[in-house]
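Notebook open, coffee at hand. Today I am looking up how one strand sits among its neighbours, and what surrounds it.

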Amino acid sequence: MAYSSDSIRAALLLTNRLVPLAATPMSAREFWQLVERVDPADLLHDDVATIAARTGVDADEATRLRSLLDASTALGFEQERLHDGGVSLISALAPSFPSGLRERLGAACPPFLLAGGPIDWLARPGLAIVGSRDAGEAAMDVARRVAGLAVERDWPVISGLARGIDQAAMTGGYDAGGVVVGVPAEGISTASRSSEVRRRVHAGELCIASPYAPDAPFRAANALGRNKIVYALSQVTLVVASDDGTGGTWAGAKEALDRGYAPVAVWMGEGAQDGNHALVRRGATPITDPTALFDVGPIAPGPSQDSLF
């Protein structure tokens with residue numbers, strides 16, 4: 001369905017995390033449930049009673065929605081400020097939003113992204129490379145080499161901007177002359193305090209995309225939400241090194257396998273950890289030849305689920 005500019009504007013207002021308000025912005029699940037019932041544009045000029053009648057919510061909830069919709073001027077100023085700094089606010093209802101996220105994440109799809117750099121690469125499923133922050137040098141070398149192979153095939157390299165395997169994969173992508181998509185576990189302004197991130201974005205080598213408020217700090221829950229996006233943006237994800245049953249890499253890979261976000265492959269050569277073997281037992285594809293990654297199966301939509309956004 002193609003949405004109007006009013007629909008997109010209303011969607012951004014209802015999920016607004018750019019401007020502090022007394023009213024709590026809608027979560028992803030709340031937002032997608034609303035979109036199933038009404039076009040958000042229909043609410044832009046409704047009073048509280050009409051919003052309640054149109055959406056079937058009670059008076060308190062209708063008042064909350066009206067308050068969110070009334071912040072148009074404040075949101076506009078903040079959106080313009082971010083745009084002047086090279087950051088785009090992309091509604092999930094906009095044509096420029098990566099369609100794969102909605103298809104694969106369902107009701108857990110973030111209702112917006114804040115993105116900087118070559119954002120057209122978000123629409124191109126690529127190779128996600130993830131793994132432990134404390135992986136050994138053999139695993140780091142695998143991440144760098146595989147990233148270079150992805151660039152040779154004109155695939156984006158997708159990772160999470162964390163230290164360890166994420167940083168090795170991103171370095172491999174940069175060194176091969178490719179474009180890297182980085183999804184941080186914090187807000188885009190927080191992540192951009194890194195001079196390296198800013199330099200790569202300005203050079204057109206890095207697209208950074210976050211579903212969180214611009215100044216949001218790192219939180220464990222944010223890391224779990226970030227993992228969903230990394231997997232759902234990928235044609236296939238390679239888990240280079242994972243602990244068994246613990247840690248963010250394990251949790252993200254297990255969820256991706258359980259939910260079917262996208263194919264999950266696991267490195268089984270030198271540098272593999274105990275968790276790699278356990279993930280293969282859970283259904284991940286074992287990989288010892290990096291070139292085999294590019295023949296792993298197609299993307300399939302995952303089931304609807306609870307949201308962290």
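**Entry: β7 and its surroundings**

I began with β7 and strand β8 (residues 264-267), which pair in the parallel sense over three bridges. For a register point I picked L238, whose bridge partner in β8 is A265. I then followed the chain from β7 to β8: it passes through helix α12 (residues 248-259), and this β-α-β crossover is right-handed. A reminder to self that this is a predicted model.

**The other side of β7**

Next I looked up the pairing with strand β3 (residues 126-130), and found that β3 and β7 are parallel too, over five bridges. Here A128 has T237 of β7 as its bridge partner. How covered is strand β7 (residues 234-239)? I noted that five of its six residues are buried, so I call it mostly covered, with buried meaning under 20% relative accessible area.

**One strand further**

I stayed with β3 and checked its pairing with strand β4 (residues 157-159): the two run parallel and are joined by two bridges. A128 turns up again, this time with I158 of β4 as bridge partner.

**The whole sheet**

I zoomed out and found nine strands in an open sheet of mixed pairing, ordered β1-β2-β6-β5-β4-β3-β7-β8-β9. Which strands stand at the edges? They are β1 (87-91) and β9 (285-287); each has a single partner strand, so one side of each lacks a neighbour in the sheet. On average, neighbouring strands are turned by 25° against each other, direction ignored.

**Helices lying across the strands**

Two helices caught my eye here. Helix α7 (residues 137-152) lies across β3, β4, β7 and β8, and runs at about 175° to β3. Helix α8 (residues 165-175) lies across β3, β4, β5 (180-182) and β6 (206-210), at about 145° to β3.

**Back to the crossover helix**

Last, I asked how α12 packs with helix α13 (residues 274-281). Their axes are 11 Å apart and meet at an angle of about 10°. I write this down as roughly parallel, because the angle is under 35 degrees. On the α12 side the contact is made by W250, A253, K254 and L257, and on the α13 side by G275, A278 and L279. Sorting these contact residues, I get five nonpolar, one polar and one charged.

Conventions. Residues numbered from 1 in each chain as written. Predicted model: local features only at pLDDT ≥ 70, side-chain atom pairs only at ≥ 80, totals over all residues. Heavy atoms only, no water. Buried < 20%, exposed > 50% of the residue type's maximum accessible area, 1.4 Å probe, protein only. Helix = DSSP H or I, 4+ residues; strand = E, 2+ residues; numbered from the N terminus. Pairing = 2+ DSSP bridges. Right-handed = clockwise from strand over helix to strand, strands pointing away. Axes fitted to C-alpha atoms, helices over the stretch in contact; angles between N-to-C directions. Parallel < 35°, antiparallel > 145°, perpendicular 65-115°, else oblique. Contact = heavy atoms within 4.5 Å. Nonpolar A, V, L, I, M, F, W, Y, C, P; charged D, E, K, R; others polar.
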